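Visitor: Please pick one part of this model for a close look, and walk me through what surrounds it and how it is tied to the rest of the chain.

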Amino acid sequence: MDYNHSLEVAADTLLAVNILRARDRAPLHFSTIAAIRGAFTASAGIGYDLTAVNNGVQPAGLVASNPSFDIGPLDRQEFARGLLRPIDPALFRLLSDQGLPDALLLHLLVSRFDEGPGGSAIPNEPGSAAFAAAVAALTRHGRLQFNGYTRLVPLGPRFSATQASAPEMLAELREPGVSLRPDGPGWRLYRPVGQLALCVAEGGGRYRALAMDTEAPQISPMAQEGNPCTAEEVADRPIAPGRAAAPGLSWYLRSVGEVFQFLGAVQRLEEAGTPVRIRTGEATPRLFRLWPDKPPRARMAVDYRGSRWWVAEADAREDLTLPVLALTAQLLNLQKAAGEIPATGTLRLVR
């Protein structure tokens with residue numbers, strides 16, 4: 001448990017220090033404890049003490065723990081790429097399922113809303129009133145919902161019943177992932193594709209569906225074919241060449257490195273006397289704040305360049321710094337691969 005506490009202190013300190021480095025626009029540096037080797041010894045004996053009253057005999061005991069640590073700098077290529085890679089939108093859903101406020105996830109993980117070429121963009125800068133208004137509009141009627149369904153993508157033209165039963169059609173159906181389904185007065189080939197939709201409540205039990213993809217923009221408007229927010233299977237209509245994209249705002253997600261830079265910018269504003277608060281339901285807590293003086297409910301402290309900085313206990317109505325650090329730690333750990341953490345081999349001698 002003592003070793004685990006040491007890991008906690010090291011990891012929390014590394015997070016806070018890198019955010020302070022981002023505040024200073026300085027390079028970020030990450031490392032991790034690759035291994036802990038503990039050596040525990042215990043001994044007992046008896047000694048003779050001339051000053052003692054119990055016949056001069058005194059029991060003696062000694063316990064010693066001598067751990068050693070292997071520190072691995074995370075300066076490998078794959079870890080650096082992970083810091084620059086945008087967050088997977090499926091992770092957005094997993095974090096939302098943990099019960100974190102939608103406003104917190106939107107402010108922390110979305111870099112900007114964008115209407116596309118010729119439209120307006122709303123960058124997510126600390127304290128941006130326009131971005132806060134967009135977040136309020138998305139969460140006004142309730143929490144964001146998610147629905148995984150099978151999207152049927154049409155292949156080729158519509159066939160008559162005679163064409164659908166032709167031998168060449170039966171040969172086409174042998175291809176994996178292709179199915180023949182009724183389509184109006186005829187039949188059409190479809191390819192089923194797994195799709196995850198993010199659903200924004202619009203009141204009255206209605207939802208607006210947004211498509212989630214690994215490529216930018218990671219979340220984008222989609223045509224409301226069927227009801228992607230409640231259905232298990234939705235068939236797309238054939239798309240004519242030159243068809244305009246569905247209107248609405250696309251979402252661009254941040255990378256983990258951008259999350260650190262954003263929190264550093266928030267800290268700069270806080271130190272300049274401009275609190276960065278977000279609305280989560282009825283409360284408007286601070287998004288993030290490292291305190292130069294010990295707050296009334298302090299959780300931990302870190303030292304950076306000769307100064308001590310404090311983190312307050314989590315308070316859903318006043319301060320979200322601790323939940324933000326916990327979320328950032330999860331995102332950072334997802335970038336660590338076992339192959340990127342060097343470990344020293346152990347040789348045991350038995351006599």
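Guide: Contact here means heavy atoms within 4.5 Å. Among contacts in the chain between residues at least 6 apart in sequence, 63% join residues at least 24 apart. This is a predicted model, in which local features need pLDDT of at least 70 and side-chain atom pairs count only at pLDDT 80 or more, while totals for chains, interfaces and linings use all residues. Residues are numbered from 1 along each chain as its sequence is written, and side-chain values use heavy atoms, with hydrogens and water left out.

The part I have chosen is strand β9, which covers residues 186–203. It belongs to a chain with 9 helices and 15 strands, where helices (H or I, at least four residues) and strands (E, at least two) are DSSP runs numbered from the N terminus. Of the chain's 351 residues, 37% count as buried; buried means under 20% relative accessible area, exposed over 50% and partly exposed in between, with a 1.4 Å probe and protein chains only.

Strand β8, residues 179–183, pairs with β9 in the antiparallel sense over 5 bridges, pairing being called when DSSP finds at least two bridges between two strands. Within this pairing, proline 182 stands opposite tryptophan 187 of β9. The two strands form a hairpin with 2 residues between them, and in that turn glycine 184 has a positive phi of about 60°.

Further along β9 one finds glutamine 195. Its relative accessible area is 11%, so glutamine 195 is classed as buried. Once its neighbours within four places in sequence are set aside, glutamine 195 is in contact with Asn147, Gly148, Tyr149, Arg151, Ala211 and Met212. Tyr149 also appears in a core of 9 residues, a second and separate one, which includes Met222, Ala231 and Val234 as well. By a nonpolar core I mean a set of buried Ala, Val, Leu, Ile, Met, Phe, Trp, Tyr and Cys residues joined through side-chain atoms within 4.5 Å.

The largest such core has 61 residues, and the members that touch the most others are Phe92, Leu109, Phe113, Leu198, Trp251 and Leu331. Taking phenylalanine 113 as an example, and not counting residues up to four places away in sequence, its list of contacts includes Ile122, Phe131, Val135, Leu138, Leu249 and Trp251. In soluble globular proteins, nonpolar side chains tend to be buried together.

What ties β9 to a part of the chain 30 residues away in sequence? A disulfide does, joining cysteine 199 to cysteine 229 with 2.2 Å from S to S; the rule asks for a pair of cysteine sulfur atoms within 2.5 Å, and by that rule the count comes to 1 disulfide. The link between cysteine 199 and cysteine 229 is left-handed, with -110° about the S-S bond. Because cysteine 199 lies in β9 whereas cysteine 229 lies in the loop between β11 (219–221) and β12 (233–235), the pair ties together parts that are 30 residues apart in sequence. Cysteine 199 has a relative accessibility of 1% and therefore counts as buried, and cysteine 229, at 12%, also counts as buried.

The stretch between these two cysteines holds a further backbone feature. The peptide bond from alanine 216 to proline 217 is cis, with omega near -5°, and proline 217 sits in the loop between β10 (206–212) and β11. Most residues other than glycine have a negative phi, and most peptide bonds are trans.

Two arginines elsewhere can be set against that background. Arginine 25, in the loop between α1 and β1 (31–37), has a positive phi near 60° although it is a residue other than glycine, and its relative accessible area of 64% makes it exposed. Arginine 305 likewise has a positive phi, near 50°; it lies in the loop between β14 (298–304) and β15 and is exposed, with a relative accessible area of 72%.

For the chain that carries β9, the exposed surface comes to about 20200 Å², of which carbon and sulfur atoms supply 53%; these accessible areas come from the Shrake-Rupley method with a 1.4 Å probe, and for residues only the protein chains shown count as cover.
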